[in-house]
Amino acid sequence: MKKGLILLLLSLTLILAACTDQQPASQQEEAPEEAVAEESTEAAEETEEVSSEQTTQAGDADIPAAVDKPLKIAAIMEFSTGTFASQYVSGLEAQVEKFGGEVQIYNANNDLSQMANHLQTAINQGVDGILIDHGRAEALNQGVEEALEKGIPVVTFDNDITVDGVTAISQDDYSLAWGSLKQMAQDIDGEGNIVYVWAGGFTPLERRNVIYEAFLEHYPNVSEVARFGSVSNNTALDSQNQMEAVLKKYPEEGSIDAVFAPYDEFAKGVTRAIQQAGRDEIKVYGIDLSDEDLQIMQEENSPWVTTAATDPAEVAGVQVRFLYQKIAGEETPSIYALDPSVVNVSDLPDEPVTMADVGQHIEGWGSPNAARSPWMDALEAKNGQ
Ligand code: SR1
């Protein structure tokens, strides 16, 4: 998957360069190792200060004093609807609880100015660390800078904040999109009519769109016949209604070959519309995975045949562990991307599969040891986990 993606990206450098709402070039090109080496002097000084503090022994590793207490963590979320967000929240809560801390979730219901207010509230409350989920730099940069000035570390997921000292994690949206689209290209043999579901203004969707645009250039015999999409409090239902309208416009069998729906709430809605219209010849290529998604994908003759995904609970775990590493004064990279997997229904057994056992069927699923310091086992053991 990666080789194909790299070749595609190289051949489309101009498209990528022209795209202003992506990670800065320095971040896209920087290997994680280089990012670690370039950590700011400030962070290095912080490391020295904290590492000279007392540590306590539990198990076989010293627990840094800074994390050896019940920490208060704030999670500032742009929205919490959908199965991705609920698995992510469960992952945050599970990891913070394992470390003996407490996480307060702030949900902005898709309102960026509310998200900025929540960030300010968390700073004013003097929390020990801040996790940011989605949101945009223009709304949050100022608050993030203030948090850092006040000594509150910040780790972000799925946004475009690039403030020095912040660790930004992602699911490698470029690979996610390419994984799903590559399967689509193979299945339709490089030609056909497709529908694209997309909404701008969300960093992961903006990044996936870069690959989609490159995909269209790469496969000139693939035509986009319709495009729609919106993110709301009921994205799946909205997508279903919008897809129903598209199906009415293209009633003949064979007039649409596939749908690229790079968010599982889009994919769920589109799949339902296709099933209800009896148009199972149209295949759906999605992104994300949950128990509900797996169930839909495993229904007999489900149009949703492929999805590219990481485990949202694991994304959250990695984000929390980077935050605790920062609080402990350890160096963390500026960027970190989890490795996604492509899940084809054809790779799954006939029996129902859940998130708990999908790793048995999908090679490379999960990365449980990312951002794990030796003392974390001891801290978890001490907190009875
Ligand atoms: C509206 S953005 C939705 C995406 O956020 C997360 O990155 C999930 O992968 C989801 O697809």
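**Exercise 1.** What is the order of the strands in the open sheet of six strands with mixed pairing? Find the edge strands too.

*Solution.* Keep in mind as you work that this is a predicted model.

- Step 1: Walk across the sheet from one side to the other, and you read the order 9-8-10-11-12-14.
- Step 2: Look for strands that pair on one side only; these are strand 9 (222–228) and strand 14 (341–344).
- Step 3: Zoom in on strand 14, which pairs with strand 12 (residues 304–309) in the antiparallel sense over four bridges. Within this part of the model, Ala-308 has Val-342 of strand 14 as its bridge partner.
- Step 4: Check the turn between neighbouring strands of this sheet: ignoring direction, it is 20° on average.

**Exercise 2.** Which strands of this sheet does helix 9 touch, and which does helix 10 touch?

*Solution.* Take one helix at a time.

- Step 1: Helix 9 (residues 173–187) packs on the sheet and touches strand 8 (192–197), strand 10 (258–261), strand 11 (283–287), strand 12 and strand 14. The direction of helix 9 makes about 165° with that of strand 11.
- Step 2: Helix 10 (residues 203–218) also packs on the sheet, where it touches strand 8, strand 9, strand 10 and strand 11. Here the angle is about 145°, taken between the directions of helix 10 and strand 9.

**Exercise 3.** Now turn to the open sheet of six strands with parallel pairing, and describe its order, its edges and the helix 14 that packs on it.

*Solution.*

- Step 1: The strands come in the order 4-3-5-6-7-13.
- Step 2: Strand 4 (102–107) and strand 13 (335–337) are the edges, each pairing on one side only.
- Step 3: From one strand to the next, the twist averages 20°.
- Step 4: Strand 3 (residues 72–77) and strand 4 run parallel and are joined by six bridges. Met-77 stands opposite Asn-107 in strand 4.
- Step 5: Helix 14 touches strand 3, strand 5 (129–133), strand 6 (154–157), strand 7 (167–170) and strand 13, and its direction makes about 160° with that of strand 6.

**Exercise 4.** How do helix 14 and helix 15 lie relative to each other, and which residues make the contact?

*Solution.*

- Step 1: Recall that two packed helices are described by the angle between their axes and the distance between the axes.
- Step 2: For helix 14 (residues 312–327) and helix 15 (residues 374–382), the angle is about 100° and the axes are 12 Å apart.
- Step 3: Angles of 65 to 115 degrees count as roughly perpendicular, so helix 14 and helix 15 are roughly perpendicular to each other.
- Step 4: Helix 14 contributes Arg-321, Tyr-324 and Gln-325, while helix 15 contributes Trp-375, Met-376 and Leu-379.
- Step 5: Sorted by class, this contact has four nonpolar, one polar and one charged residues.

**Exercise 5.** Which residues come nearest to the ligand?

*Solution.*

- Step 1: Of the 13 residues around the ligand, the nearest are His-134, Asp-158, Gln-171, Arg-208 and Asp-288.
- Step 2: Now look at distances from a ligand oxygen atom to an N or O atom of a side chain: 2.7 Å for His-134, 2.3 Å for Asp-158 and 2.5 Å for Asp-288.

Notes. Residues numbered from 1 in each chain as written. Predicted model: local features only at pLDDT ≥ 70, side-chain atom pairs only at ≥ 80, totals over all residues. Heavy atoms only, no water. Axes fitted to C-alpha atoms, helices over the stretch in contact; angles between N-to-C directions. Helix = DSSP H or I, 4+ residues; strand = E, 2+ residues; numbered from the N terminus. Parallel < 35°, antiparallel > 145°, perpendicular 65-115°, else oblique. Contact = heavy atoms within 4.5 Å. Nonpolar A, V, L, I, M, F, W, Y, C, P; charged D, E, K, R; others polar. Pairing = 2+ DSSP bridges. Near = heavy atom within 4 Å. Polar contact = N/O pair within 3.5 Å; in protein donor to acceptor, adjacent residues only side chain to side chain.
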